[in-house]
Protein chains: 2
Amino acid sequence: MLRFPLLAAGVLTANLAAADPLPSWNETQARDRIVTFVESVTDPESPDYVTPSDRIAVFDNDGTLWAEQPAYFQLFFAFDLLAELAAEDPSILSSDTLKAAAEGDLETVLKGGEEALIEVVNASHSGQSVDEFQTDVEEWLDASQHPDTGMAFDEMTYQPMVELLRYLRDEGFKTYIVSGGGIHFMRVFAEQAYGIPPEQILGTYGNSTYDVIDGVPTIVKAPGIAFVDDKEGKAINIDRIIGKRPIFAAGNSDGDFAMLEWTTSGQGPRFGLIVHHTDAEREWAYDRDSHIGRLANGLDKGPDMGWLIVDMAKDWSRVYTGR
Amino acid sequence: MLRFPLLAAGVLTANLAAADPLPSWNETQARDRIVTFVESVTDPESPDYVTPSDRIAVFDNDGTLWAEQPAYFQLFFAFDLLAELAAEDPSILSSDTLKAAAEGDLETVLKGGEEALIEVVNASHSGQSVDEFQTDVEEWLDASQHPDTGMAFDEMTYQPMVELLRYLRDEGFKTYIVSGGGIHFMRVFAEQAYGIPPEQILGTYGNSTYDVIDGVPTIVKAPGIAFVDDKEGKAINIDRIIGKRPIFAAGNSDGDFAMLEWTTSGQGPRFGLIVHHTDAEREWAYDRDSHIGRLANGLDKGPDMGWLIVDMAKDWSRVYTGR
């Protein structure tokens, strides 16, 4: 049964390999460094050769694979869902934070810090089955536009990074997302957007329960965050779930620092990549002072650790997949 | 790079398919039901055909893939490790439970219930880096014998189940362990014993920290159990980590009930399998009254739910991989 799909995959790989694998990357040093690394770990004659089962690559999502300004896209979803739920039952807006969220008042919610974000996520994301929740996410993605660009949120994925993911997979890498975003949220679009299946998506998750409801076994999303997949949590989650140290890691903020440090401090060839948001014209320009995706540690220490700092304005000929 | 391995895998699959995939299974109904199911979900002409990416199979470990009597093998490891640690620093045996454990007094520890087990695991499994811990497990597996059989613990894997895992993979399934055992413990031997790589092993895990120690980033095992992968926890962990409902689940105790129920209540073709320990001569015979691997719910409700109850004495021509 397995033979024909495998043969077909082989032919497909051969065709792709002949074409330029990274057409949306300019001919800069960034692109050269990526290609040189990939060639060195996949060439059996190279001293840096890495066996395919160890070619693990991990990617942050928000700000690394798709945009994250003016706020994480999942927050827009939470606001919209909350407004919808409140239309049926206004009493769920039991605090000023929740009222602000349902009105789409981003500024007020962000002022409340992490506590406010957790409150919004709890109120909007719990009490549903995982299936119901994911149907909501799907419908929302189909119906919603980004407030500034007017694009669908899942068109605001970065074309150069989508190409990088595909290139790595074509070269025998297994690609993972390791993100502060929610697992159930990301799994709705990640396979189509990035070619990454549900079992290769690590992220933040809430509590959940297993209940047999009217005879139907159901996983229900419960209040409370069980694990925050950010900062040191990213390295811990990689150890828990993947159980191997990656050889390639990509991020864009200091929330990714530990993941890149953990990855690149392993023995043998390693690659760390930071997407630096330098492009105010085509996207957003932000780093040290941003309230979302703050990047300081990575800029200060990354180059000495050998990490590639991708200059979005200079290194990418195209930004979004959707335009 | 990918083409030749893929072609080789195709050829290998064709050769294996010609041989009997389940030589250690007798020609009974159990074997027939497994083969009929696998053929129906892999034949593109079948109404029950399942696309390869959805062919997820989950297996409990203790009592399903290897033996678990007179106690979980990981407990023997914890006892031995504790005795070794106490030889250097006797003060760590700060309770009667820990003293009993270091003396290998299984009965006393088991009398203390789950609390005692957690105390033993905390005292023996924490304070080390994951790397150090796994080196300990490896050395212990090489040096230790089962108290009753005298076999190495990792020779007490079940040959028929090892064949079943390989058969499923050859037919395009992705095989996972979903076990109450510890992830760091199981990952040491599971790839060699079962062909299951680290990233397909779900289990119980303790707290851990990410620390840079003398300049070296390290994952350290900390006291406290973070997640118990048993009962409802198995279904919850499958949802969290795999993110898809399996179509095949195998277990042996009521700790696996929720996992089998969750798996087989999905739409389309599903398979639930329970290993029933009926073979006092070649292994152990136990079910409803066992302190380890208790099986009552599964025997009472499993058949009506369409689950296959494997009669070890009758359905298996050979038990252990090691003899």
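The exercises below deal with a predicted model and are each followed by a worked solution.

In this predicted model, local features need pLDDT of at least 70 and side-chain atom pairs count only at pLDDT 80 or more, while totals for chains, interfaces and linings use all residues. Residues are numbered from 1 along each chain as its sequence is written, chains are lettered from A and ligands numbered from 1 in the order in which they are written, and side-chain values use heavy atoms, with hydrogens and water left out.

**Exercise 1.** Find what turn and what shift lay chain A on chain B.

Solution. Step 1: superpose the copies by least squares on the C-alpha atoms of residues with pLDDT of at least 70 in both. Step 2: read off the operation, which is a turn of 180° with a shift of 0.0 Å along the axis, at an RMSD of 0.0 Å. Step 3: the two copies are thus related as by a two-fold rotation axis. Step 4: turn to the interface, where contact means heavy atoms within 4.5 Å. Of the interface residues of chain A, 100% are also interface residues in chain B, so the copies meet through the same surface.

**Exercise 2.** Describe the largest cavity and its lining.

Solution. Step 1: define the object. On a 1 Å grid over the protein atoms alone, a cavity is a set of points where a 1.4 Å probe fits but cannot get out, and lining residues have an atom within 4 Å of a point. Grid points are joined across faces, edges and corners, and a volume is the space filled by probe spheres set on the points. Step 2: the structure holds 3 cavities of 30 Å³ or more, and the largest has a volume of about 110 Å³. Step 3: its lining has 15 residues, and the closest to the centre are Arg240(A), Ile241(A), Tyr205(B), Asn237(B) and Ile241(B). Step 4: name the elements, where helices (H or I, at least four residues) and strands (E, at least two) are DSSP runs numbered from the N terminus. β3(B) gives the largest share of the lining, 4 residues.

**Exercise 3.** Place Gln200(A) in the structure and decide whether it is buried or exposed.

Solution. Step 1: Gln200(A) sits in the loop between α9 (183-194) and β3 of chain A. Step 2: apply the cut-offs, which are under 20% relative accessible area for buried, over 50% for exposed and partly exposed in between (1.4 Å probe, protein chains only). With a relative accessible area of 8%, Gln200(A) is buried. Step 3: leaving aside residues up to four places away in sequence, Gln200(A) touches Lys174(A), Thr175(A), Tyr176(A), Ile177(A) and Lys174(B). Step 4: Gln200(A) is also among the residues lining the second largest cavity, whose volume is about 70 Å³.

**Exercise 4.** Locate a cis peptide bond and a positive phi in chain A.

Solution. Step 1: the peptide bond between Gln69(A) and Pro70(A) is cis, with omega about 0°. Pro70(A) belongs to the loop between β1 (56-59) and α3 (73-88) of chain A. Step 2: Asp214(A) is not a glycine, yet has a positive phi of about 50°. Asp214(A) is found in the loop between β3 and β4 (216-227) of chain A and counts as exposed at 78% relative accessibility. Step 3: check chain B, where a cis peptide bond joins Gln69(B) and Pro70(B) and phi of Asp214(B) is near 50°.

Notes. 1 Å grid on protein atoms, 1.4 Å probe; cavity = no way out; pocket = protein on both sides within 12 Å on 5 of 7 lines; lining within 4 Å.
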